[in-house]
Amino acid sequence: MSGSITKNQHIVPQFLQKNFSDNNKQVNIFRISERNITHTLGAISKNMSQSYFYGKNQDVEKTLGNFETKAAPIINKIINQDFDISLEDEVTLRAFIFCQFLRQYSFIDEIHHFFKEGYEATNEEKAKSALSMILRPNIISDLSSFDLYILENKTRTPFILGDNPAFVSSFYIEKPKITREEFKKSGVKELYFGMVGTRLAGPDTYIYLPVSSNFSFILVKKAYQIDNSQHLRDGLYYVKIQKDKTIKVFNKTQIYNAKRTIITSHKGLDKIKEYFFSVKKLRRTKEEQIKQKLDLPFFNCFLPDLSNFAKKR
């Protein structure tokens, strides 16, 4: 129905979650609290979603749905080992990856800084502000400065998916350090917009998104190249990951950045707990770090050290 209203709005698309399921209906859900992690089996239809998260006005939900409709068949094609995608498909995937970053909790929760001080923006207003970045006329040109890498996981350890699955980082991390006085002078809005722009403009920036238990995408600035990658054509590469430690880095990042939930295709509770407790201290102290030290990583994200994963061209 064209006039239907979607109340249960997904922060992470259902079609992505199905790629981490054994039956396309349920997933192994790990709920994260401050001190512990618990496991349950739950329905994809009700997972990583919230009532009217993007507002009762369906404009944002419809825009996101359009991105999903275009990207889903391309992603499913890749998961089925068919990497013969068109240039138009590449553009769609780049936009979808960036869109996922803009639509998730980690960005929406922070974007209130973009509004006038004291104004309580609704989630719908924040989502529209976020999506305005992906709908800019020059966004295709901006994202074309990235190469698209298809990462295939050939280990026994599957990729996992958190409710803040996409993250932006750099291969050689330099956390911006500022004093409290500088923080006040700069203005939070400028600081956060500056960090978005700086990260996307940086020569060693990458944007990562897991799309199934066996596949992830990573957009990498053209100045860098992932080691042992196969060149499919200009702007498109394939990488076979055979080291568990590389998967472990990406999976830990999913857990650290998750707001409350991660999912995986199999129970694997011991492995997930191992990841969780290795980053628990970081999760518990990140707010304190921001308040006291102002040693600000990008949008409070755990920045994994992948300096050995890629090299400068």
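**Exercise 1. A hairpin at the edge of a sheet**

Which residue in strand 12 is the bridge partner of S229?

Solution. This is a predicted model, in which local features need pLDDT of at least 70 and side-chain atom pairs count only at pLDDT 80 or more, while totals for chains, interfaces and linings use all residues. Residues are numbered from 1 along each chain as its sequence is written, and side-chain values use heavy atoms, with hydrogens and water left out.

Step 1. Locate the strands, which like the helices are DSSP runs numbered from the N terminus (strands are E, at least two residues; helices are H or I, at least four). Strand 11 covers residues 229-233 and strand 12 covers residues 236-241, and they pair in the antiparallel sense over four bridges; two strands count as paired if DSSP finds at least two bridges between them.

Step 2. Read off the partner: S229 is bridged to V239 in strand 12.

Step 3. Look at the turn of this hairpin, where two residues lie between the strands and G235 takes a positive phi near 90°.

**Exercise 2. Assembling the six-stranded sheet**

Work out the order of the strands in the open sheet of six strands, and describe how its neighbours are joined.

Solution. Step 1. The order is 7-8-9-5-12-11, and the pairing is mixed. Strand 7 (167-170) and strand 11 are the edge strands, each pairing on one side only. From one strand to the next, the twist averages 25°.

Step 2. Strand 8 and strand 9 run antiparallel and are joined by five bridges, with Y208 standing opposite I218 in strand 9; the two strands form a hairpin that has four residues between them.

Step 3. Strand 9 is also joined to strand 5, antiparallel, by seven bridges, and here I150 has F217 as its bridge partner in strand 9.

Step 4. Strand 5 (residues 146-153) runs parallel to strand 12, with six bridges between them, and L151 stands opposite V239 in strand 12.

**Exercise 3. Burial of strand 9**

Decide whether the residues on the two faces of strand 9 are buried or exposed.

Solution. Step 1. Fix the terms: buried means under 20% relative accessible area, exposed means over 50%, and partly exposed lies in between (1.4 Å probe, protein chains only).

Step 2. On one side F215, F217, L219 and K221 are buried, and on the other side S216, I218 and V220 are buried, which leaves both faces covered.

Step 3. Since seven of the seven residues of strand 9 are buried, the strand is largely enclosed by the rest of the structure.

Step 4. Widen the view to the chain, where buried residues make up 52% of the 313 residues. The largest nonpolar core has 72 residues, of which I75, I78, F98, I134, L151, F217 and I226 touch the most other members; such a core is a set of buried Ala, Val, Leu, Ile, Met, Phe, Trp, Tyr and Cys residues joined through side-chain atoms within 4.5 Å. A second, separate core of twelve residues includes I160, I262, Y275 and V279.

**Exercise 4. The four-stranded sheet**

Find which strands stand at the edges of the open sheet with the order 3-2-13-6.

Solution. Step 1. This sheet has four strands, and its pairing is antiparallel.

Step 2. The edges are strand 3 (37-43) and strand 6 (161-162); each has a single partner strand, so one side of each is left without a neighbour in the sheet.

Step 3. Strand 2 (residues 26-32) and strand 13 (residues 261-264) pair over four bridges, and R31 stands opposite T261 in strand 13.

**Exercise 5. Checking a helix and two loops**

Test whether the span of helix 9 agrees or disagrees with its number of residues, and then examine the phi values of Y52 and Q81, using the span rule for the helix.

Solution. Step 1. The expected span of a helix is 1.5 Å times one less than its number of residues. For the 14 residues of helix 9 (residues 244-257) this should give 20 Å, and the end C-alpha atoms are 20 Å apart, which agrees.

Step 2. Among the buried residues of helix 9 are T246, I247 and F250.

Step 3. Most residues other than glycine have a negative phi. Y52, however, has a positive phi of about 50°; Y52 is found in the loop between strand 4 (49-51) and helix 2 (59-79), and counts as partly exposed because its relative accessibility is 27%.

Step 4. Q81 likewise has a positive phi, near 70°, and is placed in the loop between helix 2 and helix 3 (87-103). With a relative accessible area of 46%, Q81 is partly exposed.

Definitions and conventions: Axes fitted to C-alpha atoms, helices over the stretch in contact; angles between N-to-C directions.
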